[in-house]
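Please open the structure in your viewer and keep the selection tool at hand, since this tour moves from one selection to the next.

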Amino acid sequence: MIDPKKIRIDELPKKLVDGALGAHNKEVFMFTLMSGNQLDSFAATPRTMKSIYEWMKGQVESYEQKHGVIEISRGLTSPIQPSDLSKDE
């Protein structure tokens, strides 16, 4: 098992997530994170999903306290696309 105290999150590879979708039944939550045209699918127990939710909620609340309320609109394309990452500035 990975020791979370030894993880350097700033050194891990990252994908920009620009959408998510999912579903659940009594036993499991299923969700997919979208990054451009790539999909990464996951399954989690209700207990694990609740802990992810609580962590994410805390992260968003902390962000909004520091930077202001995040306004969201459905159906908008991410302003950063994979093709933008290869452009020279």
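Begin by selecting Glu 61, which counts as partly exposed because its relative accessibility is 40%. Keep in mind throughout that this is a predicted model.

Now add Lys 57 to the selection and show both side chains, which meet in a salt bridge with N and O 3.7 Å apart. Both residues belong to helix α1 (residues 46-67), where they are 4 residues apart, about one turn of the helix. Lys 57 is likewise partly exposed, with a relative accessible area of 41%.

The structure holds 4 salt bridges, and the next selection shows how some of them can share a residue. Select Arg 8, Asp 10 and Glu 11, which are linked in a network of salt bridges. Arg 8 meets the side chain of Asp 10 at 3.2 Å, N to O, and Arg 8 also forms a salt bridge with Glu 11, where the closest N and O atoms are 3.5 Å apart. As for accessibility, Arg 8 is partly exposed at 48%, whereas Asp 10 counts as exposed at 55% and Glu 11 counts as exposed at 55%.

Next, turn to the aromatic rings, where the count comes to 1 aromatic pair. Select Phe 31 and Phe 42, whose ring centres are 5.5 Å apart and whose planes meet at 25°, so the pair is stacked. Phe 31 lies in strand β2 and Phe 42 in strand β3 (residues 38-44), so the pair ties together parts that are 11 residues apart in sequence. Is each of these rings' residues buried or partly exposed? Phe 31 is buried, with a relative accessible area of 18%, while Phe 42 is partly exposed, with a value of 42%.

Stay with strand β2 (residues 29-35) and select Ser 35, which is placed in this strand. Ser 35 is buried, because its relative accessible area of 13% is under the 20% limit for that word. Leaving aside residues up to four places away in sequence, Ser 35 touches Lys 15, Leu 16 and Asp 18.

Finally, select Val 17, which lies in the segment before β1 (19-24). How far apart are Val 17 and Ser 35 in sequence and in space? They are 18 residues apart in sequence and 4.7 Å apart in space, taken from C-alpha to C-alpha. With residues up to four places away in sequence again left out, Val 17 touches Leu 33 and Met 34. Val 17 counts as partly exposed, at 44% relative accessibility.

Notes:
Residues numbered from 1 in each chain as written. Predicted model: local features only at pLDDT ≥ 70, side-chain atom pairs only at ≥ 80, totals over all residues. Heavy atoms only, no water. Helix = DSSP H or I, 4+ residues; strand = E, 2+ residues; numbered from the N terminus. Buried < 20%, exposed > 50% of the residue type's maximum accessible area, 1.4 Å probe, protein only. Contact = heavy atoms within 4.5 Å. Phe/Tyr/Trp six-rings, centres within 6.5 Å; stacked < 30°, edge-to-face > 60°.
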